[in-house]
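I'm opening a fresh page for this structure. The plan is to look things up one at a time and jot down what turns up.

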Amino acid sequence: MPLVAGIDSSTQSCKVVVCDSDSGEVVREARAPHPDGTEVHPEAWWSALNQASDGLLDEVAAVSVAGQQHGMVAVDELGAVVRPALLWNDTRSAGDAQDLIEELGGPAAWVKAVDNVPNASLTVSKLRWLARNEPDHAARTTGVMLPHDWLTWRLTGAGAEPTTDRGDASGTGYWSATENAYRPELLERAFGRRIQVPRVAAPGEAVGRTPSGALVAPGTGDNMGAALGLGLGPGDAVVSLGTSGTVFAVSDGATQDPDGIICGFADATGRFLPLVCTLNAARVLTAAASMLDVDLAGLDALAMAAEPGAEGVVLLPYLDGERTPVLPDAAGSLHGLRRSNMRPENIARAAVEGMLCGLADGLSAMTDTGIPVNRVLLVGGAARSAAVRAVAPTVLGARVVVPRPAEYVALGAARQAAWVLAGTAEPPVWDTGEPEAEAEAVDAPHVRDRYTKARRAVHGV
């Protein structure tokens, strides 16, 4: 059977999976690290892709890239990178986002225009930052791409037409999922003049070939890739616990949230992917383990030894600032400490509960807008934690399913590649296998209530 390859170019690494195009069975895989930081030269991604894919892509018939969303790759008229890419987690453009919101008339005006409210993560805010703070680089910039756009362009040859897809384009702040079109006047408002943007390819469209002849799919953003890899359907929501934390679900209609909590993204299939993102997820647990001088297994053991609610100890986990709610300059803080509860077990439990409470707020925002959620699929590195699995049904207040461990973003990219290869109207159906764990909702509202009270007391939101 023909083989296809899916590439996940994430914040931390590049993962490549090679799959049977009919069944989705993974036949080989590899990875290579990315540099740490909030800005990275795209050549580092290309180097990691070549390292991870060495020998893996020789026999594939099609390939696709799913990449971290929002990153700004500024290029000149020859396609050369003007400066290191600003990544989604670079918060220096928070003030520029606020200025853009006010200039257009407030959050509701942005939601009406592009289904999203600018924040420091969105590309539109980063372009405003570049124009204001690096005029020499801005003067050289004639085009902008997203990380997956740039890698797809490199795969098809530097002389090819840059392309993107609906999913990743919907996270720029100058493309509307509702209208299925760019809003060039917003791009001009942010940057001061119009620059070139990639063509938005149709779902399932081949956008070129690699030098070896493999078809190249449009690619997509990492969250859209995960939705494809998981085979997400109506009534399913995903809580993904990686470097960032995300909550998303597939919807047949566009979502417009005037509060700006829900990002009104498109997905990679022609549907929509309402999403809430937090900056702080798995690294909250690693930081807590370091503070308590234990490894992650030790943190699990401590958290499992504490009662739900950690005897009143609450962690607001804004260790790297926060995107949702919009608190780019916030810091993490512990609340409710008393001599009677100030023990490692409660600190560990509060770290797990605090990380999940931020995502539970996102899940509630979705259901409040009418998006049905019958079950939550818990994925990402932190989903391997025994404490997270135990606490999630309590904090999320939903039935929680933990799929078997897999590189779902890369699998989603591979599934898109198989779709392009097949030339069908819908992507192929792949079996994701039986879940590793499943648990029904547990009612413990005091955990969320204490978290909400602490957040409002400190940050007023």
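**Entry 1: a long helix and what follows**

I started just past the end of H12, where Gly370 follows the helix with a positive phi, near 95°. A caution for myself before going on: this is a predicted model.

Then I went back to helix H12 itself, which covers residues 344-368. I counted 25 residues in H12, and from first C-alpha to last it reaches 36 Å, close to the 36 Å expected at 1.5 Å a residue. Is H12 enclosed by the rest of the structure, or open? Largely enclosed, I'd say, because 19 of its 25 residues are buried.

**Entry 2: another helix with a glycine after it**

Next I looked up helix H6, residues 147-156. H6 is mostly covered, with nine of its 10 residues buried. I wrote down the buried ones: Pro147, His148, Asp149, Trp150, Leu151, Thr152, Trp153, Leu155 and Thr156. What follows H6? I found Gly157 there, and its phi is positive, near 105°.

A reminder on helices for my own use: an α-helix makes a turn every 3.6 residues, so residues three or four places apart point the same way.

**Entry 3: a glycine with many contacts**

One residue of H6, His148, came up again when I checked Gly221. Gly221 sits in strand S15, which runs over residues 220-221. Its relative accessible area is 0%, so Gly221 counts as buried. Leaving out residues up to four places away in sequence, I listed what Gly221 touches: Ala66, Gly67, Gln69, His148, Asp165 and Asp168. I also checked the pair Gly221 and Asp168: they are 53 residues apart in sequence, yet 4.6 Å apart in space, C-alpha to C-alpha.

**Entry 4: a covered strand with two partners**

Strand S17 (residues 245-249) was next on my list. Are its residues buried or exposed? Five of its five are buried, so I noted S17 as mostly covered. I then split S17 by face: Gly245, Val247 and Ala249 are on one side, Thr246 and Phe248 on the other, and both faces are covered.

Which strands pair with S17? One is S16 (residues 236-241), in the antiparallel sense, over five bridges. A hairpin of three residues joins S16 to S17. The other I noted is S19 (residues 272-278), also antiparallel, over four bridges.

Val247 is a handy landmark here. Opposite Val247 I found Val239, and I also found Val276 of S19 standing opposite Val247.

**Entry 5: two odd phi values**

I wanted residues that have a positive phi without being glycine. His70 is one of them, with a phi of about 75°. I placed His70 in the loop between strand S5 (60-67) and strand S6 (73-75). At 4% relative accessibility, His70 counts as buried.

Asp293 is another, with phi near 60°. Its place is in the loop between helix H10 (282-291) and helix H11 (296-305). Is Asp293 buried or exposed? I got a relative accessible area of 70%, so Asp293 is exposed.

**Entry 6: a cis bond and a pocket**

Where does the chain hold a cis peptide bond? I found one from Thr324 to Pro325, with omega near 0°. Pro325 lies in the loop between strand S20 (314-316) and strand S21 (333-335).

Pro325 turned up again when I opened the second largest pocket, which has about 410 Å³ of space. That pocket is lined by 24 residues, and those closest to its centre are Pro118, Asn119, Arg323, Pro325 and Val326. Which element gives the most to the lining? Helix H2 (residues 94-104) does, with four residues. I sorted the lining by kind too: 15 nonpolar, six polar and three charged.

**Entry 7: one threonine**

Last, I looked up Thr394, which is found in helix H13 (residues 386-396). Thr394 comes out at 12% relative accessibility, and under 20% means buried, so I put it down as buried. Setting aside residues up to four places away in sequence, Thr394 touches Val442 and Ala444.

Terms used. Residues are numbered from 1 along each chain as its sequence is written. This is a predicted model: local features need pLDDT of at least 70, side-chain atom pairs count only at pLDDT 80 or more; totals for chains, interfaces and linings use all residues. Side-chain values use heavy atoms; hydrogens and water are left out. On a 1 Å grid over the protein atoms alone, a cavity is a set of points where a 1.4 Å probe fits but cannot get out, and a pocket is an open set with protein on both sides within 12 Å along at least five of seven lines; lining residues have an atom within 4 Å of a point. Grid points are joined across faces, edges and corners, and a volume is the space filled by probe spheres set on the points. Ala, Val, Leu, Ile, Met, Phe, Trp, Tyr, Cys and Pro count as nonpolar, Asp, Glu, Lys and Arg as charged, and the others, Gly among them, as polar. Buried means under 20% relative accessible area, exposed over 50%, partly exposed in between (1.4 Å probe, protein chains only). Two strands pair if DSSP finds at least two bridges between them. The expected span of a helix is 1.5 Å times one less than its number of residues. Contact means heavy atoms within 4.5 Å.
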